[in-house]
Amino acid sequence: MQQPAHIAHYHLPGLFEFYELYKLFLPLWRKHRNWFYSWCEISSIYGSPMDCLWGGGRVGFGEADVNAVYELVNEYKISARLTFSNSLLGKEHLADKKCNSLCKKFSNQLAKNGSTAVRNGVIVHSDLLAHYLKNQYPEFYLVSSTTKVLTNFADFEAELNRPEFAFVVPDFRLNKNFERLNQLNQNQKAKVEFLCNECCDFGCKNRKACYENVSRKNLGEDIENIIEHKCTSNQAAGGYRFSLAMKNPGFISIEDIQNIYLPNGFSNFKIEGRGLGSAIVLEFILYYITKPEFQLEVREAIYLDSMLDLF
């Protein structure tokens, strides 16, 4: 296995949803850095609290205290990304007090801590919200959400060329389109953030409708008036399985990252999992970040802590 030429920047799920897991894991990351691959970094943790109007992608269940989350990522100098990827926002939603309060809290990090602080970001779908954030909270960087379902490469490249976005997450079905990906210039490559571990059917044609259904729920629309999206995949009944995700044609393995993506100038990798449990998110951390010979030590340190409900 060749030595990667660059650092892999991972973007992990569950800023508010898995706070208790990260509160245990991040001290291990700092204290036992030799347990983890030297060629990767945890660059951000993304998520949103429950009942968040601007939320999207998944129906949030994050119950962690906002101040505690803020202090944790600040202590470990990890970028916090608010996941505000609701695709159905109108002008009337921009004044939402809870979401603006979150923005004020997390956008103030640079002002509070000076130029050495890590910049926080927002994952966004709505152009209306993106414009609002750029004007009201310019301290944030913006990430174009995978909920846009950019499966056409020309549309994806156009998104990369939009100056308001620091990163763009394409649909996972573009992950292996190396003929086109390798033709991108280095500035474009630096903005690409691949979704590594999607389990959704590679041939799914209803992905956008699924995300819109979540957006309606986050807007608080009358549940009786929302037509529930039903996944038609043969594997949907079994829920998320990492073993199945690994067989997905769009799956990005650790070997792919080391041997293909990093040498070709791609360095940002998103791990999905906000709607899953702490136990499976820990498995992602073990697979993507932890050296095999130290995975048991990490498992034991996390599993034996009685303060964390992993399931």
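The following exercises, each with a worked solution, concern a predicted model of one protein chain.

**Exercise 1. Overall make-up**

Task: State how many helices and strands the protein chain has, and what share of its residues is buried.

Solution:
- The protein chain holds 13 helices and 8 strands.
- Of its 311 residues, 54% are buried.
- Among contacts with a separation of 6 or more, 76% join residues 24 or more positions apart.

**Exercise 2. The sheet and its edges**

Task: Give the strand order of the sheet and identify the strands at its edges.

Solution:
- The 8 strands form an open sheet with parallel pairing, in the order 6-5-4-3-2-1-8-7.
- Strand 6 (165–168) and strand 7 (193–195) are at the edges; each has a single partner strand, so one side of each lacks a neighbour in the sheet.
- On average, neighbouring strands are turned by 30° against each other, direction ignored.
- Strand 1 (residues 8–13) pairs with strand 8 (residues 268–270) in the parallel sense, over 3 bridges.
- Within this pair, H11 has K270 of strand 8 as its bridge partner.

**Exercise 3. From strand 4 to strand 6**

Task: Follow the chain from strand 4 through strand 5 to strand 6, and determine the handedness of each crossover.

Solution:
- Strand 4 (residues 121–124) and strand 5 run parallel and are joined by 4 bridges.
- V124 is opposite S144 of strand 5.
- Between these two strands the chain passes through helix 5 (residues 127–136), and this β-α-β crossover is right-handed.
- Strand 5 also pairs with strand 6 in the parallel sense, over 3 bridges.
- L142 is opposite F165 of strand 6.
- The chain goes from strand 5 to strand 6 by way of helix 6 (residues 153–160), again in a right-handed β-α-β crossover.
- A further bridge partner in strand 6 is F167, which is paired with V143.

Task: Sort the residues of strand 5 by the direction in which they point, and say whether they are buried or exposed.

Solution:
- In a regular strand, side chains alternate between the two faces of the sheet.
- In strand 5 (residues 141–144), Y141 and V143 point one way, while L142 and S144 point the other way.
- All of these residues are buried.

**Exercise 4. A glutamate in helix 6**

Task: Classify E159 as buried or exposed and list the residues that E159 touches.

Solution:
- E159 is located in helix 6.
- Its relative accessibility is 7%, which lies under the 20% cut-off, so E159 counts as buried.
- Leaving out residues up to four places away in sequence, E159 touches S144, K148, L150, F165 and V168.
- Of these, S144 belongs to strand 5, and F165 to strand 6.

**Exercise 5. Helix 12**

Task: Compare the expected span of helix 12 with the distance between its end C-alpha atoms, then determine how far the helix is enclosed.

Solution:
- Helix 12 (residues 278–289) has 12 residues, which at 1.5 Å a residue should span 16 Å.
- Its end C-alpha atoms are 16 Å apart, in agreement with that value.
- Because 10 of the 12 residues are buried, helix 12 is largely enclosed by the rest of the structure.
- The buried residues are S278, A279, V281, L282, F284, I285, L286, Y287, Y288 and I289.
- Their packing partners are strand 1, helix 1 (19–31), strand 2 (40–47), helix 10 (242–245), helix 11 (254–261) and helix 13 (295–303).

**Exercise 6. Cysteines**

Task: Count the disulfides in the structure and describe the surroundings of C99.

Solution:
- A disulfide is a covalent bond between the sulfur atoms of two cysteines.
- Searching the whole structure gives 0 disulfides.
- The cysteine sulfur nearest to that of C99 belongs to C52, 3.7 Å away, and C99 is in no disulfide.
- The cut-off for a disulfide is within 2.5 Å.
- C99 is buried at a relative accessible area of 0%, and C196 is buried at 1%.

**Exercise 7. Positive phi**

Task: For K77 and V149, give phi, the loop in which each lies, and the exposure class.

Solution:
- Most residues other than glycine have a negative phi.
- K77 has a positive phi near 55°.
- K77 is in the loop between helix 2 (66–75) and strand 3 (79–84), and is exposed with a relative accessible area of 56%.
- V149, which is not a glycine, also has a positive phi, of about 55°.
- V149 is in the loop between strand 5 and helix 6, and is buried with a relative accessible area of 15%.

Terms used. Residues are numbered from 1 along each chain as its sequence is written. This is a predicted model: local features need pLDDT of at least 70, side-chain atom pairs count only at pLDDT 80 or more; totals for chains, interfaces and linings use all residues. Side-chain values use heavy atoms; hydrogens and water are left out. Two strands pair if DSSP finds at least two bridges between them. Axes are lines fitted to C-alpha atoms, for helices over the stretch in contact, and angles run from 0 to 180 degrees between N-to-C directions. The expected span of a helix is 1.5 Å times one less than its number of residues. Buried means under 20% relative accessible area, exposed over 50%, partly exposed in between (1.4 Å probe, protein chains only). Contact means heavy atoms within 4.5 Å. A crossover is right-handed if, with the strands pointing away from the viewer, the path from the first strand over the helix to the second runs clockwise.
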